[in-house]
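Welcome, and please open your viewer. We will go from stop to stop, selecting residues as we go and looking at what is around them.

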Amino acid sequence: VDYIGEIRSVVDVGCGIGYSTLAIKEIFPMANVYGTNIDGTKQWDLCKKLGVELRADIEEISQADLVVAFEYFEHFQDPVEHLKQIVETLQPKYFLIASSFGTTSIGHFISQKYNNKIVVSKGFGRIFNRELRKMGYTQQPTNIYNHKPSYWEKTR
């Protein structure tokens with residue numbers, strides 16, 4: 001948190017039941033903190049009860065200094081294309097990302113689409129990280145065990 005500095009806006013994409021979103025709001029009390037989720041679901045309803053500022057689509061948010069994506073991108077058939085949409089829409093300076101490509105779990109794909117090809121998910125994390133680098137982000141060193149979540153900063 002000290003390294004990131006002042007944050008005006010955060011988007012917790014796919015915020016689940018909203019506990020991480022609320023914790024982020026405590027860490028950055030002066031920031032506008034939004035969670036995204038699917039409207040009409042039980043998770044959406046619980047988030048609302050907890051007071052999470054929700055949006056159904058990132059297009060409803062103009063910009064974010066920080067995007068938090070915990071166990072999120074592996075739920076997309078084409079995660080790189082979705083990453084590009086997030087970067088173009090929100091123009092974040094920072095990402096905190098924890099994805100489990102290749103693990104078997106509800107909603108995870110066993111293969112992902114990349115450059116109009118199907119790629120087995122097991123090694124998809126390397127592809128995903130390479131694409132982040134192409135977009136101008138650099139993974140920053142942290143003391144976080146196993147770099148999960150990984151911390152990325154826009155450096156160019």
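## Stop 1: a loop with a twist

Begin by selecting Glu71, which lies in the loop between strand 4 and helix 3. Helices (H or I, at least four residues) and strands (E, at least two) are DSSP runs, numbered from the N terminus. Before going further, note that this is a predicted model, in which local features need pLDDT of at least 70 and side-chain atom pairs count only at pLDDT 80 or more, while totals for chains, interfaces and linings use all residues. Residues are numbered from 1 along each chain as its sequence is written, and side-chain values use heavy atoms, with hydrogens and water left out.

What is the phi of Glu71? Glu71 has a positive phi of about 50°, although it is not a glycine. Most residues other than glycine have a negative phi. At 34% relative accessibility, Glu71 is partly exposed. Here buried means under 20% relative accessible area, exposed means over 50%, and partly exposed is in between (1.4 Å probe, protein chains only).

Now select Tyr72, found in the loop between strand 4 and helix 3. Is Tyr72 buried or exposed? Tyr72 counts as buried, because its relative accessibility is 10%. Show its contacts (heavy atoms within 4.5 Å): leaving out residues up to four places away in sequence, Tyr72 touches Val13, Gly14, His82, Ile86, Ala98 and Ser99.

## Stop 2: a histidine and its neighbours

Select His108 in the loop between strand 5 (94-98) and strand 6 (111-114). His108 is buried, at a relative accessible area of 17%. Which residues does His108 touch, not counting residues up to four places away in sequence? They are Glu71, Glu74, His75, Ser100 and Thr103, so you will meet Glu71 from the previous stop here.

## Stop 3: inside, at helix 3

Next, select Leu90 in helix 3 (residues 79-90). Leu90 is buried, with a relative accessible area of 0%. Try drawing a C-alpha to C-alpha distance from Leu90 to Ile58: the two are 32 residues apart in sequence and 7.5 Å apart in space. Ile58 is also one of the residues that Leu90 touches, not counting residues up to four places away in sequence; the others are Val11, Ile61, Ser62, Gln63, Ala64 and Val67.

## Stop 4: charged pairs

Side chains of opposite charge can pair when their charged atoms come close. We call it a salt bridge when a side-chain nitrogen of Lys or Arg is within 4 Å of a carboxyl oxygen of Asp or Glu. How many salt bridges are there by this rule? The count comes to 6.

Select Lys93 and Asp65, whose side chains meet in a salt bridge (3.7 Å, N to O). Lys93 is in the loop between helix 3 and strand 5 and Asp65 in the loop between strand 3 and strand 4, so this pair ties together parts that are 28 residues apart in sequence. Lys93 is partly exposed, at 35% relative accessible area, whereas Asp65 is buried, at 0%.

Then move to Lys134 and Glu131, another salt bridge, with the closest N and O atoms 3.2 Å apart. Both are in helix 4 (residues 124-134), 3 residues apart, so about one helical turn separates them. Lys134 is exposed, at 53% relative accessibility, and Glu131 is buried, at 6%. Now add Arg8 to your earlier pair: salt bridges that share partners join Arg8, Asp65 and Lys93 into one network.

## Stop 5: two more backbone spots

Select Lys148 and Pro149 and look at the peptide bond from Lys148 to Pro149, which is cis, with omega near 10°. Most peptide bonds are trans. Pro149 is in the loop between strand 8 (137-140) and strand 9 (150-154).

Finish at Asn116, in the loop between strand 6 and strand 7 (117-120). Asn116 has a positive phi of about 60°, although it is not a glycine. Asn116 counts as exposed, at 71% relative accessibility.
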